[in-house]
Amino acid sequence: TAETGSPYRVVLLGANGVGKTAFASIFAGAADSMDSDECELCGDEMCEKVIEVDGESAAVTLLDTWDTESDDEWAQERCMHTGDAYLLLYSITDRASFLRASELRIILRHFRPAQHTPIILVGNKCDLVRRREVSVSEGRACAAVFDCKFIETSAAMQHNVWEAFHGIVRQLRLRRDSK
Ligand code: GDP
């Protein structure tokens, strides 16, 4: 049974180079029920598609819009208002990106003080074991402080990326059902 209503807007956030584009292309390239594996509304920055999670369809718009390194506060603000849920990415090989994720979480909390906005902290590039700078337990502890879920992924190996997308849909449904 398809969910009615507007698509869930899921925003990819994180420092440059953590894998947001790689996540977006995995999402966009997913072979669906359609004859083409291309996404209908795919631009560079946004992709809308219907995915199946736990046997139920969910329309998801994935947004990869914002250069988080820029000082464009207007763009930052727009991004913080636009999402129903956020995948907050860092690279396990880049401690600075992990610290950036914390900053982004704080900014996000500032813009979304009241609502409980679903967020998953995503430690990407877990295939690069020998270059690891952020341990699994640090990631998990950070997520606990942030009161959000945590997952390690590898976009390069396509490991856990769909689990992250599915996880965010599950959280959005929980929130929807509790309303
Ligand atoms: P963005 O700036 O956040 O959009 O990051 P990109 O998606 O452009 O990724 C930056 C670089 O990291 C690219 O060269 C990707 O191929 C690489 N990359 C992304 N995800 C992974 C991953 O999981 N493992 C490895 N080894 N490389 C990755």
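Strand β1, which covers residues 8-14, runs parallel to strand β3, residues 56-63, and four bridges join the two. If you want one pair to look for on the screen, take Val11, whose bridge partner in β3 is Leu63. Please keep in mind, as we go on, that this is a predicted model.

From β3 we can step to strand β2, residues 46-53, which pairs with β3 in the antiparallel sense over eight bridges, and here Glu52 stands opposite Ser57 in β3. These two strands form a hairpin with two residues between the strands, and in that hairpin Asp54 takes a positive phi near 55°.

Now let us go back to β1 and look at its pairing with β4. Five bridges join these two strands, which run parallel, and the bridge partner of Leu13 in β4 is Leu88. Strand β4 also pairs with strand β5, residues 119-124, again in the parallel sense, over six bridges, with Tyr86 standing opposite Ile119 in β5.

Why do we call β4, residues 85-91, largely enclosed by the rest of the structure? Six of its seven residues are buried, and therefore the description fits.

Let me finish with the ligand, which has 15 residues around it, and of these Gly19, Lys20, Thr21, Ala155 and Ala156 come nearest. Helix α1, residues 20-29, gives the most to this shell, with three residues. As for the character of the shell around the ligand, its residues divide into five nonpolar, seven polar and three charged.

Key:
Residues are numbered from 1 along each chain as its sequence is written. This is a predicted model: local features need pLDDT of at least 70, side-chain atom pairs count only at pLDDT 80 or more; totals for chains, interfaces and linings use all residues. A residue is near a molecule or strand if its C-beta atom, placed from the backbone, lies within 6 Å of it. Ala, Val, Leu, Ile, Met, Phe, Trp, Tyr, Cys and Pro count as nonpolar, Asp, Glu, Lys and Arg as charged, and the others, Gly among them, as polar. A residue is buried if 20 or more other C-beta atoms lie within 10 Å of its own, exposed if 12 or fewer, and partly exposed in between; C-beta atoms are placed from the backbone. Two strands pair if DSSP finds at least two bridges between them.
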